[in-house]
Amino acid sequence: MTEPSLLWNTTFPRPASFLLTGIPGLGTMHAWLSLPFSSMYLLALLGNAILLAVVKADKTLHQPMFLLLAALAATDLGLASSVAPGLLAILWLGPQPVPYAACLAQMFFVHALTAMESGVLLAMACDRAVAVGKPLRYPILITGARVGWVAMALGLRAVAIVVPFPLLVARFKHFRMRTVAHAYCEHMAVVELVAGNTRANNLYGLALSLAVSGVDVMGIAGSYGLIAHTVLRLPTREARAKAFGTCSSHICVILAFYVPGLFSYLTHRFGRRTVPRPVHILLSNIYLLLPPSLNPLIYGARTKQIRDRILTFFTPWKGHPG
């Protein structure tokens, strides 16, 4: 580290750049850690790009469910690309400088795309609830145009609630250090360097986490409560299995996003004294890169329409499946 701990009590004007150190305490393992993280990023890039290409190319997939899946894939591409290149550069080349403005931009995109992904998962849950609960009215209630408006509203929501993050940091003129003990410009990791009263930053970060995740999780839980209520009233076991089967991929995606996220959040908020900092930083990076790499695999493997179109996409000489 370029600045000794004795400098913690000193302050200096806003730096032109910060220094991202990666995962403190695991410097000797950086080369090995680059293997799983680069694999996750490669899977996220290829998998989500293929999903987007397949949905765009096949007009039979221009349906609300698959349009929402395309929105999820686009969000995953952005989320993975906002974190992985910088992370891999640190793991391969060591601590990397990042300009002050670029750090605030990365802070905005990481948090905004995370909020967007949570919102898309909520929209997908509502879509499945209508499909199972009101199948005859589904084509009327859920249309491609309405999906477009929902996606726009979710994007505006993400921007509106995350813009205060970089603005709250930009108001500070003095810092104690320029070394960010993290692999990307996470809001609280940067706030820790500030010389000044950061109460507003802390409160807004906590309120945003609880409000956005809480509202979305409750909406998802409510949607699946309605689905379960409808499915359990179906007369035959085969009908219940088929209805639940239409939701299985989405349930897997929800678990892939919220379980690592919940664990990362709990260790950050309540486990600072018991969970080592390197473990928290490692978990936060896994939380951002694991779902984008798993989502295309989940939908590709468990959704017949996607699976068939991908096979046709790569084996055009065999023709469309019957």
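Below, a reader and an author talk through a predicted model of a protein chain.

Reader: Before we start, what are the ground rules for this model?

Author: This is a predicted model, in which local features need pLDDT of at least 70 and side-chain atom pairs count only at pLDDT 80 or more, while totals for chains, interfaces and linings use all residues. Residues are numbered from 1 along each chain as its sequence is written, and side-chain values use heavy atoms, with hydrogens and water left out.

Reader: ok, helices then. How many residues does α2 have, and where does it kink?

Author: Helix α2 covers residues 64-93, which is 30 residues; helices here are DSSP runs of H or I with at least four residues, and strands are E runs of at least two, numbered from the N terminus. From first C-alpha to last α2 reaches 43 Å, close to the 44 Å expected at 1.5 Å a residue, where the expected span is 1.5 Å times one less than the number of residues. A kink of about 30 degrees lies at S81, shortly before the proline P85, the bend at a residue being the angle between axes fitted to the seven residues ending there and the seven starting there.

Reader: And what follows α2?

Author: G94 comes after α2, and its phi is positive, near 100 degrees.

Reader: W92 is in that helix too; buried or exposed?

Author: W92, which is found in α2, counts as exposed at 55% relative accessibility; exposed means over 50% relative accessible area, buried under 20%, and partly exposed in between, with a 1.4 Å probe and protein chains only. Leaving aside neighbours within four places in sequence, W92 is in contact with S34 and S38, contact meaning heavy atoms within 4.5 Å. The C-alpha atoms of W92 and H30 are separated by 7.1 Å, although the two residues are 62 residues apart along the chain.

Reader: H30 is in α1, right? What span should α1 have, and which of its residues are buried?

Author: Helix α1 runs over residues 30-57, and its 28 residues should span 40 Å at 1.5 Å a residue, which agrees with its end C-alpha atoms being 40 Å apart. Its buried residues include H30, L33, S34, F37, M40, Y41 and A44. As a general point, an α-helix has 3.6 residues a turn, so residues three or four places apart point the same way.

Reader: Switching topic: how many salt bridges are there?

Author: The count comes to two, taking a salt bridge as a side-chain nitrogen of Lys or Arg within 4 Å of a carboxyl oxygen of Asp or Glu. In one of them the side chains of D127 and R128 meet at 2.8 Å, N to O, and both of these residues are buried. In the other, R157 meets D216 at 3.1 Å, N to O. R157 lies in helix α5 and D216 in helix α8 (residues 199-231), so this pair ties together parts that are 59 residues apart in sequence.

Reader: How exposed is each end of that second pair?

Author: R157 counts as partly exposed because its relative accessibility is 24%, whereas D216 counts as buried at 0%. Among the other buried residues of α8 are N201, G205, L208 and V212.

Reader: Back to D127, what does it touch?

Author: D127 is in helix α3 (residues 100-133) and, leaving aside neighbours within four places in sequence, is in contact with P64, M65, L68, Y138 and I142. Its relative accessibility is 4%.

Reader: Which residues make a nonpolar patch on the surface?

Author: W149, M152 and L156 form one, with about 390 Å² of accessible area together. Patches are made of residues with over 30% relative accessible area and no salt bridge, with like charges joined within 9 Å and nonpolar side chains (Val, Leu, Ile, Met, Phe, Trp, Tyr) within 5 Å; the areas come from the Shrake-Rupley method with a 1.4 Å probe, and for residues only the protein chains shown count as cover. W149 is in helix α5 (residues 144-162) and is exposed, with a relative accessible area of 61%.

Reader: Last one, a loop residue: where is H182, and what does it touch?

Author: H182 lies in the loop between β5 (179-180) and α7 (187-191), and it is buried, with a relative accessible area of 1%. Not counting residues up to four places away in sequence, H182 touches L20, T21, G22, A189, I281, S284 and N285.
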